[in-house]
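Trainee: I would like to take a close look at a single part of this structure. Please treat that part and its surroundings in one connected account.

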Amino acid sequence: MNYKEIFEQISDELNDFDEIGQVATYIPALAKANPNKFGMYLVTEEGHEYDHGDVDENFSIQSISKVLSLVYAFKLVGTDLWKRVGVEPSGSPFNSLVQLEYEQGVPRNPLINAGAIVVCDILVSQLDNPYQDFIQFVRNLAGNPNIDYCKETAESEKECGFKNNAHINLMKSYGNIDNDVEEVLDLYFHLCSIEMSCKDLAQTFMFLARGGKNPLNNERILTAQETKRINAIMLLCGFYDEAGEFAFKVGLPGKSGVGGGIVAIYPDQYSIAVWSPGLNSKGNSSKGIKALEIFTTITQSNVFGPSPIFDELEYE
């Protein structure tokens, strides 16, 4: 399949797309992003790579890092993880305190803020040097030793992280946080501050398209069964309270971040990353979602099965 040509077609379609959205401003460091940036990068199971646009420029991956911290914690503690965090879609905003209190300090899933904070608490308990160990884990997946935290973004998040402070203290009151709240939150803010490019992201998530094996060195990251669990969580919970809409339009497991990035995988086929900083009202990249909707329509590639007949009006 000529993905390069498909990317050009998508770019042409998006020229008339006027719902670019707004960059995230509640985190000051993210407000500087250029809403006109756009990139798409795809890596196939065979290792072929295709790109379009701003694919080498680093951006803040934000909540996309929650999948990677989840994978690391899952490797460390196994199924005990699910005693502290659920696997159900939230149906509420990613920072809802009402839902967390109703469920007595057990987050609905690990990809909302409260769930990711619990995962960070596990990493603090399990690792001697969680900052260094985690970033090395990410570098190994991406094959890029230069990936790192952004101190400016981490500090920016810390300065305005009032709801996250409320989340962790509420969970602490229910006994679902074991470590010092400041230590856990600092790790959480650093995870969200990691900067990567579309190229890095697509490569990093390729192991989830290959049954849990890192294609760069054939290292097994997760078992096939564990990989299925993570992919299912991404499909159900990866887009805040727009996960159903993304599954309906795109049909792939994936994860978004308020830095404008989206990464998605098609098992045994490819990993694809898109970046466009303008966000819709749900906090997801507006242009990124549209690009992936067009992409899976043209390629007829989604986890629910190909469309029998391609109709160019299907994605309008």
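In the hairpin of strand 7 and strand 8, which residue takes a positive phi, and how many residues lie between the strands?

Mentor: The model is a predicted one, and the description below is to be read accordingly. The residue with the positive phi is G260, with a value near 100°, and four residues lie between strand 7 and strand 8 in this hairpin. Strand 7 covers residues 254-256, and its pairing with strand 8 is antiparallel, over three bridges. Within that pairing, K255 has V263 of strand 8 as its bridge partner.

Strand 8 itself merits attention. Six of its six residues, 261-266, are buried, so the strand is largely enclosed by the rest of the structure. In general, the side chains of a regular strand alternate between the two faces of the sheet. For strand 8, one side carries G261, V263 and I265, while the other carries I262, A264 and Y266; all of these are buried, and both faces of the strand are therefore covered.

On leaving strand 8, the chain enters a further hairpin, which leads to strand 9 with three residues between the two strands. D268, in the turn, has a positive phi of about 70°. Strand 9 spans residues 270-275 and runs antiparallel to strand 8, the two being joined by six bridges. Here V263 stands opposite A273 of strand 9. V263 thus appears in both pairings of strand 8: with K255 and with A273.

Strand 9 is in turn joined to strand 1, residues 39-44, by six bridges, again in the antiparallel sense. V43 stands opposite S271 of strand 9 in this pairing.

These pairings belong to an open sheet of five strands, in the order 2-1-9-8-7, with antiparallel pairing. Strand 2 (49-53) and strand 7 are the edge strands, each pairing on one side only. Neighbouring strands of this sheet are turned by 5° against each other on average, with direction ignored.

One helix is also to be placed against this part of the sheet. Helix 12, residues 286-299, lies across strand 1, strand 8 and strand 9, and runs at about 145° to strand 9. Strand 8 is thus paired with strand 7 and with strand 9, and helix 12 lies across it.

How values were computed:
Residues are numbered from 1 along each chain as its sequence is written. This is a predicted model: local features need pLDDT of at least 70, side-chain atom pairs count only at pLDDT 80 or more; totals for chains, interfaces and linings use all residues. Side-chain values use heavy atoms; hydrogens and water are left out. Buried means under 20% relative accessible area, exposed over 50%, partly exposed in between (1.4 Å probe, protein chains only). Two strands pair if DSSP finds at least two bridges between them. Axes are lines fitted to C-alpha atoms, for helices over the stretch in contact, and angles run from 0 to 180 degrees between N-to-C directions. Contact means heavy atoms within 4.5 Å.
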